[in-house]
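Look at the structure below and follow the chain from its start. The text then goes through one pair of helices, the interior and the overall layout.

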Amino acid sequence: MRILGIDPGLQTTGFGVLEQQGGQLHYVASGTIRTTRNPAVSLGDLPGRLKILFDGITALVQQYQPDTAVVEIVFVNVNPQSTLLLGQARGAALAALVAHNLPVAEYTALQMKKAITGNGRAAKAQIQAMVQHLLALPGLPGPDAADALGLAITHAHAHPVLAQMQRNSPLQRRQHAMLKGGRVY
């Protein structure tokens, strides 16, 4: 199975591609898509920057032919405007992936950090070092690429368990809800 990991960002989106053969993970590629160094697009041109992300991820899908993709779930930052912009970058990434009919898994940064380092509050340098170690890379990957590779590693290990759980006990939508103290349960 070939896994494409995406760490979305409006200025820099990290990507990582892994090949999983049985229990072995093999590094294929990693890098970043940058929207800030394109002379055709200014920093204030949000639609242009989102197009760069969409086109960049589309090119990755075409080049590496992944079987599945994984994208980081974004939470609220201190600055609400930054959160909204990051959400739009994430949306461009998701749209590019589903446009190619790829199944997309999602994990939080905390889940990925916990899976890779054992510490949900791990620093970028710790993630880079563990990804380098786990994939036997000759050097440290960049911080955004390391996060994307970390997401792909997390999915490679979590996917079989989640798939087995789904087969044994399919999740079903609740058909009713109980109202208690003004809240739906």
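In this predicted model, helix α1, residues 46-64, packs against helix α2, residues 80-98. Two packed helices are described by the angle between their axes and the distance between the axes. Here the angle is about 35° and the axes lie 8 Å apart. The crossing of α1 and α2 is right-handed.

Which residues of the two helices meet? From α1 come L46, L50, L53, F54, I57, T58 and V61, and from α2 come L85, Q88, A89, A92, A93, A95, A96 and L97. Of the residues in this contact, 13 are nonpolar, 2 are polar and none is charged.

I57 and L97 also appear in the largest nonpolar core, which has 23 residues. Together with L4, I6, F15 and I33, they have the most contacts inside this core. At least two core residues come from each of β1 (2-7), β2 (12-21), β3 (24-34), α1, β4 (68-73) and α2. The largest share, 7 residues, is supplied by α1. F15 touches, among others further than four places away in sequence, L4, I6, I33 and L60. A second core, separate from this one, has 19 residues, including L25, I116, A122 and A146.

Now take the whole chain. The protein has 5 helices and 7 strands, and along the sequence they follow the pattern β-β-β-α-β-α-β-α-α-α-β-β. Of its 185 residues, 40% count as buried. Among contacts between residues at least 6 apart in sequence, 56% join residues at least 24 apart. The protein exposes about 10600 Å², and carbon and sulfur atoms supply 56% of that area.

Conventions. Residues numbered from 1 in each chain as written. Predicted model: local features only at pLDDT ≥ 70, side-chain atom pairs only at ≥ 80, totals over all residues. Heavy atoms only, no water. Axes fitted to C-alpha atoms, helices over the stretch in contact; angles between N-to-C directions. Helix = DSSP H or I, 4+ residues; strand = E, 2+ residues; numbered from the N terminus. Left-handed = near helix turned anticlockwise from the far one by under 90°. Contact = heavy atoms within 4.5 Å. Nonpolar A, V, L, I, M, F, W, Y, C, P; charged D, E, K, R; others polar. Buried < 20%, exposed > 50% of the residue type's maximum accessible area, 1.4 Å probe, protein only. Areas by Shrake-Rupley, 256 points an atom, 1.4 Å probe, with all protein chains shown as cover. Core = buried A, V, L, I, M, F, W, Y, C linked by side-chain atoms within 4.5 Å.
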